[in-house]
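Okay, let's get going. I'll put the structure up and then walk through how the parts fit together.

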Amino acid sequence: MVNFEQIKGFVFDLDGVIADTSIYHSKAWRQLAEELGVTWTTELSNNLKGVSRMDSLNLILKAGGKESAYTEEEKEHYATEKNTNYLNLLKDMDASAILPGINDFIEDLKRHDYKLSLASASKNSPLVLEQLGLAKYFEKRVDPATLKHGKPDPEIFARGAEILGLKPEECVGIEDATAGIKSINGASELSIGIGDPKILNEADINFTDTSKLTLENIKQALK
Ligand code: BG6
Ligand code: MG
């Protein structure tokens with residue numbers, strides 16, 4: 001595994017790592033799934049985490065055995081409907097949605113001159129970062145619209161390191177989703193999973209929640 005001393009940059013997921021927006025994504029998808037007659041389960045909810053908007057809709061339709069029920073145009077319509085509902089849920093969101101310890105962790109990283117980038121699948125991430133007051137820390141962002149493949153493909157985390165001018169083995173990726181951990185591992189970066197270690201069992205290091213995400217804890221975990 002990587003030495004703590006060789007780490008130069010951190011590549012962050014957004015939803016469920018920096019802010020608790022993943023609950024709003026889930027809520028909006030659940031509403032659409034139920035409208036389409038697809039049973040909502042915890043497993044489906046977990047599988048959607050980190051996955052792009054259209055890939056998420058396709059997973060929902062597949063779970064309900066409806067993968068060929070709609071035209072591309074109808075699917076675009078439903079994806080837009082989900083996004084409108086999601087943005088409505090976000091309307092009043094502010095810095096209070098930042099997850100515990102994240103502000104301190106980011107401040108600490110800046111103090112120690114680590115580089116930071118964002119590898120979020122969300123096309124709403126610039127807006128979310130603005131509302132959270134964190135945009136200034138994440139000037140380097142992978143634009144998900146430019147990707148050939150979404151998570152779990154390594155492309156997004158590989159790009160997260162590239163835009164920092166760093167090698168993958170100099171970077172740590174932080175994720176709350178199984179698809180995201182697979183992407184980090186595939187990009188040969190050190191993976192930190194935030195959440196249930198049974199679900200994120202492929203992560204190199206696991207913290208049950210963001211309050212445990214500190215440089216000291218990462219250093220200890222690598223010893
Ligand atoms: C990821 C979320 O960050 O972004 C997913 O975990 C979401 O739940 C995906 O579907 C795409 O987001 P958006 O905002 O572009 O629809
Ligand atoms: Mg996430």
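So, how many residues of domain 1 are in contact with domain 2, and with how many on the other side? Keep in mind this is a predicted model. The count is 15 residues of domain 1, touching 14 residues of domain 2.

Where are the bounds? The domain assignment makes domain 1 out of two stretches, 4-20 and 95-221, and gives 22-90 to domain 2. Their C-alpha centres sit 24 Å apart. As you know, people often quote the size of an interface as the accessible area lost when the parts come together. Here, domain 1 and domain 2 bury about 1100 Å² between them, and carbon and sulfur atoms give 50% of that. On the domain 1 side, Asp15, Asp20 and Asn124 lose the most area to domain 2, together 36% of what that side buries.

Okay, on to the sheet. You've got five strands in an open sheet, paired in parallel, and the order reads S2-S1-S3-S4-S5. Which strands end up at the edges? Those are S2, residues 115-118, and S5, residues 205-207. Each has a single partner strand, so one side of each has no neighbour in the sheet. As for twist, neighbouring strands are turned by 20 degrees against each other on average, if you ignore direction.

Let me zoom in on one pairing. S4, residues 190-194, runs parallel to S5, and three bridges join them. If you want a landmark, Ile194 has Phe207 in S5 as its bridge partner.

Now the helices that lie on the strands. H5, residues 102-111, lies across S1 (9-12), S2 and S3 (171-175), and it runs at about 150 degrees to S1. Then there's H8, residues 178-186, lying across S3 and S4, at about 170 degrees to S4.

Next up, a helix pair. H3 covers residues 53-63 and H4 covers 72-90; their axes come within 10 Å and cross at roughly 110 degrees. That makes the two helices, H3 and H4, roughly perpendicular. Which residues meet there? From H3 we have Arg53, Met54, Leu57, Asn58 and Leu61, and they meet Lys75, Glu76, Tyr78, Ala79 and Asn83 in H4. Sorted by class, the contact between H3 and H4 has five nonpolar, two polar and three charged residues.

Last, two backbone spots to look at. The peptide bond between Lys151 and Pro152 is cis, with omega about 15 degrees. Pro152 is in the loop between H6 (125-132) and H7 (155-162). The other one is Asp113: not a glycine, yet its phi is positive, about 65 degrees. You'll find Asp113 in the loop between H5 and S2, and S2 is one of those edge strands from earlier.

That's my tour, so over to you.

Notes. Residues numbered from 1 in each chain as written. Chains lettered and ligands numbered in written order. Predicted model: local features only at pLDDT ≥ 70, side-chain atom pairs only at ≥ 80, totals over all residues. Heavy atoms only, no water. Pairing = 2+ DSSP bridges. Helix = DSSP H or I, 4+ residues; strand = E, 2+ residues; numbered from the N terminus. Axes fitted to C-alpha atoms, helices over the stretch in contact; angles between N-to-C directions. Contact = heavy atoms within 4.5 Å. Parallel < 35°, antiparallel > 145°, perpendicular 65-115°, else oblique. Nonpolar A, V, L, I, M, F, W, Y, C, P; charged D, E, K, R; others polar. Domains from an automatic or database assignment. Buried area = accessible area lost by both parts, 1.4 Å probe.
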